[in-house]
Amino acid sequence: MGKFYQWHLSFLFVLLISNSGKAQHDFCKNEKWKDSAANVLFQQNYMSNRWQYICDSILTIWPEYDYIWQLKAMPRFKGGYYDCASLDKAVSINPEMRLPYRAFMKCTFAKDYFGAIVDLKAAEALIKGGGLMDHSFSFYLGLCYLGIEQADSAVRYFEKDIAHQSQTMGKGNEHYNSLFYLGLSYLQANQVSKAEKYLKASIKGYSRFPEPNFYLGKLRVLKNEKKEAKRDFEQSKKFLLEGATMNEDNNFYVDYPFQIGLSDIEKELEQQ
Amino acid sequence: MKTIFIFLFCLLVGQNAGAQTNLAAEYGLDTSFALVDSCPAKNIVEYFSVNAKYPESSMSLLNRIRQKAKDENQIFKQNGFVSFRFTLNCKGQASSYRLFMLDEHYKEIKFEQSAIRFFYDFVRSLKEWKVQPTNKYGEKYSCYNAYLNFQIRDGKILSVAP
């Protein structure tokens, strides 16, 4: 089927460049051909050159196809080259659909927290109460502020994210990552009791979550509870070695802010 | 006939595909591949296909490189992103470096030689790369591509990715 699409699209392209203006106009307006072209793309490995070639080909025919601009940028971000020009183009064509994605890519992949904050605030103004990839804009704003070490602002946005979840999904059903990051933000803001409350709430939602166990250990060090701290660090190490992770879809590609590795735990254990 | 169409298709419109400018050679990075006879460099995959992100957390790498900058009095005069892509061979050795640089508005720029040398030394000092990792189906890969990106803002290293 994939080969058929390839042939089909190639044929249509040659047809297009050799035909009259009216035929081109009809072709370009037909949504079916756009879908067909996208299907050709999806047969490819997105890290291959062919993916880029086909994106360019489709964009030559439909330069206003915002989704393809986004798909052109995606593998480059995943490979460490931040092709923001393609995302900018996508956003200029369809801001409601593409601005949240650009914000997400800046925040998560490029770790461009300042740039992402601008985009996330614009996205929030455009799409009230919106979000993407399982989280609200407030969650990503919280991550960005945490990344630039503005703990008070991070607390504000994670509180907002959690309040929204409590309202829509019911109290007690808040996402453990939101609870973890709120706890961590409180820890950075030196509000130890609130930090403890939310880190524990996160662990309650996902008991094998290495990060809140680790930061709970750090918190106990601050409280001079060395025995309990060691226990938390060891728990965190055990879960990490068992393969437990942050449970975010894009964790395969990038670390999330303040995500830990084995060496972080070993370092803390050595100091105990 | 089908091949001709596909060829024409790619030839006519594929000219923008390689938009990145690799400046590794200009900055004196080692662009050769450290070939090991027993495992030729074929079927090279991306690190994320074989769960081979560097085992040390980005947070830890960031702390270490900030410390290194402090120890060496390294000054950064430009804002933006410095990205090193490289290939790991079957012994987990990094080589075949590629270098990409962007300013804070994602436009291509050239960083100062001393800044690039500073980051390059750091990247080359990392020796814990996974050796012959496997994908989710248990298939072993001898070589894979990885990258490290450093973001600089107002003279400070703001983040390390991935």
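**Close-up views of a predicted model**

**View 1. A turn joins two paired strands of chain B.** In this predicted model, B:Q151 stands opposite B:S159, which belongs to strand 5 of chain B. Five bridges link strand 4 of chain B to strand 5 (residues 156-161), and the two run antiparallel. Together they form a hairpin with two residues between the strands. B:D154 sits in the turn, with a positive phi of about 50 degrees.

**View 2. Strand 4 of chain B has other partners too.** This strand covers residues 144-153, and nine of its ten residues are buried. Strand 2 (residues 80-88) of chain B joins strand 4 of chain B through nine bridges, in the antiparallel sense. Strand 1 (residues 45-46) of chain B joins strand 4 through two bridges, and this pair runs parallel. Look for B:N145 in strand 4. B:N145 is the bridge partner of B:E46. B:N145 is also the bridge partner of B:T87.

**View 3. Strands 2 and 3 of chain B make a hairpin.** Seven bridges pair strand 2 of chain B with strand 3 (residues 94-102), and the sense is antiparallel. B:F84 stands opposite B:L99 of strand 3. Five residues lie between the two strands of this hairpin. B:G92 takes a positive phi near 75 degrees here.

**View 4. A cis peptide bond lies in chain B.** The bond joins B:A161 and B:P162, with omega at about 5 degrees. B:P162 is found in the segment after strand 5 of chain B. Most peptide bonds are trans.

**View 5. The largest nonpolar core holds 108 residues.** A:I58, A:L120, A:Y140 and A:C144 touch the most other members. Helix 9 (residues 137-147) of chain A gives the largest share of this core, eight residues. Now focus on A:L120. Beyond its neighbours within four places in sequence, A:L120 is in contact with A:A103, A:F137, A:Y140, A:L141 and A:C144. In soluble globular proteins, nonpolar side chains tend to be buried together.

**View 6. Helix 14 of chain A has a buried side.** The helix has 16 residues, 226-241. At 1.5 Å a residue they should span 22 Å, and the end C-alpha atoms are 22 Å apart, so the two values agree. A:A229, A:D232, A:F233, A:S236, A:K237 and A:L240 are buried. These residues cover an arc of only 135 degrees around the axis, so they lie on the same side of helix 14 of chain A. Their cover includes helix 13 (210-222) and helix 15 (262-271) of chain A. The face turned away from the buried side carries the exposed residues A:K227 and A:L241. A:G243 follows the helix, with a positive phi near 100 degrees.

**View 7. Two residues of chain A have a positive phi without being glycine.** A:M133 has a phi of about 50 degrees. A:M133 lies in the loop between strand 1 (131-132) and strand 2 (135-136) of chain A. This residue is partly exposed because 13 other C-beta atoms lie within 10 Å. A:E149 has a phi near 60 degrees. A:E149 is in the loop between helix 9 and helix 10 (151-169) of chain A. A:E149 counts as exposed because it has 11 C-beta neighbours inside 10 Å. Most residues other than glycine have a negative phi.

**View 8. Confidence varies along chain B.** The mean pLDDT of chain B is 89, and 88% of its residues reach 70 or more. Over residues 1-5 of chain B, pLDDT stays under 50. For the complex, the predictor gives an ipTM of 0.87 and a pTM of 0.89.

Definitions and conventions. Residues are numbered from 1 along each chain as its sequence is written. Chains are lettered from A and ligands numbered from 1 in the order in which they are written. This is a predicted model: local features need pLDDT of at least 70, side-chain atom pairs count only at pLDDT 80 or more; totals for chains, interfaces and linings use all residues. A nonpolar core is a set of buried Ala, Val, Leu, Ile, Met, Phe, Trp, Tyr and Cys residues joined through C-beta atoms within 7 Å. A residue is buried if 20 or more other C-beta atoms lie within 10 Å of its own, exposed if 12 or fewer, and partly exposed in between; C-beta atoms are placed from the backbone. Helices (H or I, at least four residues) and strands (E, at least two) are DSSP runs, numbered from the N terminus. Two residues are in contact if their C-beta atoms, placed from the backbone, lie within 7 Å. Two strands pair if DSSP finds at least two bridges between them. The expected span of a helix is 1.5 Å times one less than its number of residues. The arc is that of the directions from the helix axis to the C-beta atoms. pLDDT is the predictor's confidence in each residue, from 0 to 100.
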